[in-house]
Amino acid sequence: MAKQKIILSKELPGQIVSIPEELKSKSYYKYLQVPFEDIPADLRASLTSFKGTKEEALEPEDRTKLFDVQRWPKEDGVYPLKRGGLLVASNVKLPHMTAEALNWWGAWHAIDPLRYALWDPQDHYDIKISEDDRKRILDPTIPDAEKLWGLHHHVLESLDQDEPTSMDMQFLNPFDYGYDKSMFGTDRCLGMLSAKTVMGGKLPVFMTEVCCIGEDGVLEIRLRFWLGYEIRTDGTVKCKIPRFVKIPQEIAKSLIIHNHREYRHLDKFLMDLYAEEKDNWA
């Protein structure tokens with residue numbers, strides 16, 4: 001059977017992904033019309049040109065440094081790791097939103113492809129979850145910040161308006177992976193997600209996102225992706241790619257750009273969406 005051709009968003013009217021017709025009647029469809037602005041050219045240039053060193057990188061064993069007041073590593077960029085693989089680090093300011101709204105969004109957006117597309121209408125093509133996972137998201141007894149723990153997202157997305165790929169993202173309870181639970185709910189950890197996936201069908205990735213109050217007093221999200229790594233609940237950290245295999249820098253750089261594109265866009269409208277839809281889970 002021939003592979004179905006995917007039409008890229010940049011080839012569609014309005015440069016946004018196509019949405020099933022039945023979802024266009026949703027009350028939140030209007031937020032798909034919020035103009036999507038690419039990140040400024042100077043920021044894009046700095047994000048893709050920065051080259052970190054092994055000494056500056058955050059090794060996966062040191063991942064709890066994400067709770068420090070100071071960012072580590074300080075700069076957004078791609079960093080080589082001592083055993084091979086790469087660290088992708090992104091720090092995105094969220095001056096217009098609250099952690100409460102962001103925690104709600106983390107679970108709410110998974111219910112249908114339209115919600116997913118609101119986040120990045122040029123790159124988020126589709127999302128699917130199981131019925132059991134849907135029930136967990138809709139369970140009012142589970143705090144918003146914990147609803148994703150144990151869930152799977154089957155997504156179709158691109159990084160920077162390139163060809164989209166399918167990924168199965170498994171969300172984890174981060175406190176099963178060595179993070180200090182006593183930090184949860186403090187300014188250092190107002191929300192947190194960890195997940196593992198495989199990019200391109202062969203590159204294992206362990207990621208963690210922490211929402212915190214930054215050094216300047218502004219809410220920010222710190223994202224760290226360890227490309228090529230597996231981390232287990234027993235604390236074992238393993239680089240799953242041979243040293244002679246080099247991860248293409250363009251993949252890592254595109255991931256940084258993607259992080260900034262989607263979170264900067266979300267920051268423009270989340271508070272309005274949250275005020276209108278926070279009780280509209282289903």
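What follows is a friendly conversation about the strands, helices and buried residues of a predicted model.

Biologist: Let's start with the sheet; which strands are its edge strands?

Modeller: The sheet is open and has eight strands, ordered E1-E2-E8-E7-E6-E5-E4-E3 with antiparallel pairing. Neighbouring strands in this sheet are turned against each other by 25 degrees on average, ignoring direction. An edge strand pairs on one side only, and the two that do so are strand E1 (77-80) and strand E3 (124-128).

Biologist: Thanks! What is the bridge partner of Tyr79 in E2?

Modeller: Strand E2 covers residues 86-93 and runs antiparallel to E1, with four bridges joining them. Within this pairing, the partner of Tyr79 is Leu87.

Biologist: Which helix packs on the sheet, touching E1, E2 and E3?

Modeller: The contacts also reach strand E4 (152-157), strand E6 (191-199), strand E7 (203-213) and strand E8 (219-227). The direction of this helix makes about 20 degrees with that of E2. The helix, spanning residues 249-277, is H5.

Biologist: Happy to hear more about the middle of the sheet. How many of the 11 residues of E7 are buried?

Modeller: E7 pairs with E6 in the antiparallel sense over nine bridges, and Met192 has Val210 of E7 as its bridge partner. E7 also pairs with E8, again antiparallel and over nine bridges, with Cys212 standing opposite Glu220 of E8. E7 is mostly covered, and its count of buried residues is 10.

Biologist: And the turns on either side of E7: which residue has a positive phi of about 85 degrees?

Modeller: Two hairpins are worth a look here. The one made by E6 and E7 has three residues between the strands, and there Gly200 takes a positive phi near 65 degrees. The hairpin of E7 and E8 has five residues between its strands, and the residue in that turn with the phi you ask about is Gly217.

Biologist: Turning to the largest nonpolar core, where does its largest share come from?

Modeller: This core has 90 residues, and those with the most contacts inside it include Leu102, Trp105, Leu118, Tyr263, Leu266 and Leu273. Trp105, leaving aside neighbours within four places in sequence, is in contact with Arg115, Leu118, Trp119, Leu266, Leu270 and Leu273. The largest share of the core is 10 residues, and it comes from H5.

Biologist: Is Arg261 buried or exposed?

Modeller: Arg261 lies in helix H5. Its relative accessible area is 2%, and the cut-off for buried is under 20%. Arg261 therefore counts as buried.

Biologist: Which residue's side chain is joined to that of Arg261 by a polar contact of 3.0 Å?

Modeller: Beyond its neighbours within four places in sequence, Arg261 is in contact with several residues, among them Phe36, Arg44, Gln122 and Leu159. One polar contact, of 3.1 Å, joins its side chain to that of Asp38. The 3.0 Å contact joins the side chain of Arg261 to that of Asp123.

Biologist: One last one, on helix packing: at roughly what angle do the axes of H1 and H5 cross?

Modeller: Two packed helices are described by the angle and the distance between their axes. H1 (residues 41-49) makes the contact through Leu43, Arg44, Leu47 and Thr48, while the residues on the H5 side include Ile257, His260 and Arg261. The crossing of H1 past H5 is right-handed. The two axes come within 9 Å, and they cross at roughly 145 degrees.

Conventions:
Residues numbered from 1 in each chain as written. Predicted model: local features only at pLDDT ≥ 70, side-chain atom pairs only at ≥ 80, totals over all residues. Heavy atoms only, no water. Pairing = 2+ DSSP bridges. Axes fitted to C-alpha atoms, helices over the stretch in contact; angles between N-to-C directions. Contact = heavy atoms within 4.5 Å. Core = buried A, V, L, I, M, F, W, Y, C linked by side-chain atoms within 4.5 Å. Buried < 20%, exposed > 50% of the residue type's maximum accessible area, 1.4 Å probe, protein only. Polar contact = N/O pair within 3.5 Å; in protein donor to acceptor, adjacent residues only side chain to side chain. Left-handed = near helix turned anticlockwise from the far one by under 90°.
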